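Here is a friendly walk through one model, written for a reader who likes geometry. Please keep the viewer open while you read.

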Amino acid sequence: MGELAAAEQDLDQVEADLALARGRILHARFLHDRREDPRELPLFERATDLYRTLGDAAGEAESVFWQGCYHQVVRDDPGRAVPLLRQSYDLATAAGNRHTQSEALRHLGIADHAAGRLDAAREHLETSARLRREIGLLAGAAADQVGLIYIATAQGRLDDALALAEEAYATAEACGARRIMRQVEEARDQIRPPAGDHGTGSEGTAVLTEE
């Protein structure tokens, strides 16, 4: 590769990283004020195009994940979000990027939970939590367990829900993750014993959202 081509490739890498970073900042602003910025999605799409051209599978997996996250969280469009999240997971798996794998699995679990596919949601969140523990993201693992508490409650597995709440709270407390501690407490408040033969009623119907 000539010097000019190498320099151009270096600039493409910088541009891809910058586009991804800018898009993530805009997404964080949306979570704060709930106002969509029309620049967010094009930034993630530009990053994806550049990473793909560069052959950077890990970068492509991350930018595709953020596209999926945009459609899921900002646009509330699971039909467009889920295929992107699955693509992100596949790319991250091929690249050995366990962080992005766990993020994609978490948001696939959120989509399954919202659609009432509780078994699938449980599988995705359990795998995400395992990956997060393996790479040292213990607060993230506790956040996944919040969703698992709601799922266990909805399925009538109340002992499992209580055990998950105890473990998640202890993990979040050890990490100083106070927001997740509050989420665990809110989830634990939903755990109720079934009344008579009426099943779990409305308990456990809350849906996990983006952390």
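Let us begin toward the end of the numbering: helix 8 (residues 158–175) and helix 9 (residues 178–189) have axes that come within 9 Å and cross at roughly 165 degrees. Helix 8 is therefore roughly antiparallel to helix 9, since angles over 145 degrees count that way. The crossing of these two helices is left-handed. On the helix 8 side, the contact is made by A165, E166, A168, Y169, A172 and E173, and on the helix 9 side by I180, M181, V184, E185 and R188. Sorted by class, this contact has 7 nonpolar residues, no polar ones and 4 charged ones.

Please bear in mind that this is a predicted model.

**The chain as a whole**

What does the chain contain in the way of helices and strands? There are 9 helices and 0 strands, and the pattern along the sequence reads α-α-α-α-α-α-α-α-α. Taken along the principal axes, the C-alpha atoms fill a box of roughly 75 × 30 × 30 Å. The chain has 211 residues, of which 44% count as buried. If you look at contacts between residues at least 6 apart in sequence, 59% of them join residues at least 24 apart.

**Helix 3 and helix 5**

A second helix pair is worth a visit. Helix 3 (residues 57–74) packs with helix 5 (residues 98–114) at an angle of about 20 degrees, and their axes are 10 Å apart. That angle makes helix 3 roughly parallel to helix 5, because angles under 35 degrees are counted as roughly parallel. Here, too, the crossing is left-handed. Helix 3 brings A61, E62, F65, C69, Q72 and V73 to the contact, while helix 5 brings T100, E103, A104, H107, I110 and A111. By class, the residues in this contact are 7 nonpolar, 3 polar and 2 charged.

Helix 5 also holds D112. Is D112 buried or exposed? With a relative accessible area of 6%, D112 is buried, because buried means under 20%. Leaving aside residues up to four places away in sequence, D112 touches R117, A120, A121 and H124.

**The aromatic cluster**

Now for the rings. A pair of aromatic rings is described by the distance of the centres and the angle of the planes. The count of aromatic pairs comes to 2, and their values are set out below.

| Pair | Centre to centre | Angle between planes | Type |
|---|---|---|---|
| F44 and W66 | 5.9 Å | 25 degrees | stacked |
| F65 and W66 | 5.2 Å | 75 degrees | edge-to-face |

The pairing of F44 and W66 links distant parts of the chain: F44 sits in helix 2 (residues 40–54) and W66 in helix 3, 22 residues apart. Why is the pair of F65 and W66 called edge-to-face? Their planes stand at 75 degrees, so the pair is edge-to-face, given that angles over 60 degrees earn that label. Together, the ring pairs link F44, F65 and W66 into a cluster.

How buried are the members of this cluster? F44 is buried, with a relative accessible area of 0%. F65 counts as buried at 3% relative accessibility, and W66 counts as buried at 11%. F65 also belongs to the helix 3 side of the contact with helix 5, and this residue is a handy place to pass from the ring cluster to that helix pair.

Key. Residues are numbered from 1 along each chain as its sequence is written. This is a predicted model: local features need pLDDT of at least 70, side-chain atom pairs count only at pLDDT 80 or more; totals for chains, interfaces and linings use all residues. Side-chain values use heavy atoms; hydrogens and water are left out. Axes are lines fitted to C-alpha atoms, for helices over the stretch in contact, and angles run from 0 to 180 degrees between N-to-C directions. Helices (H or I, at least four residues) and strands (E, at least two) are DSSP runs, numbered from the N terminus. Angles under 35 degrees count as roughly parallel, over 145 as roughly antiparallel, 65 to 115 as roughly perpendicular and the rest as oblique. A crossing is left-handed if the near helix is turned anticlockwise from the far one by less than a right angle, and right-handed if clockwise. Contact means heavy atoms within 4.5 Å. Ala, Val, Leu, Ile, Met, Phe, Trp, Tyr, Cys and Pro count as nonpolar, Asp, Glu, Lys and Arg as charged, and the others, Gly among them, as polar. Buried means under 20% relative accessible area, exposed over 50%, partly exposed in between (1.4 Å probe, protein chains only). Rings of Phe, Tyr and Trp (its six-membered ring) pair if their centres lie within 6.5 Å; planes under 30 degrees apart count as stacked, over 60 as edge-to-face and the rest as tilted.
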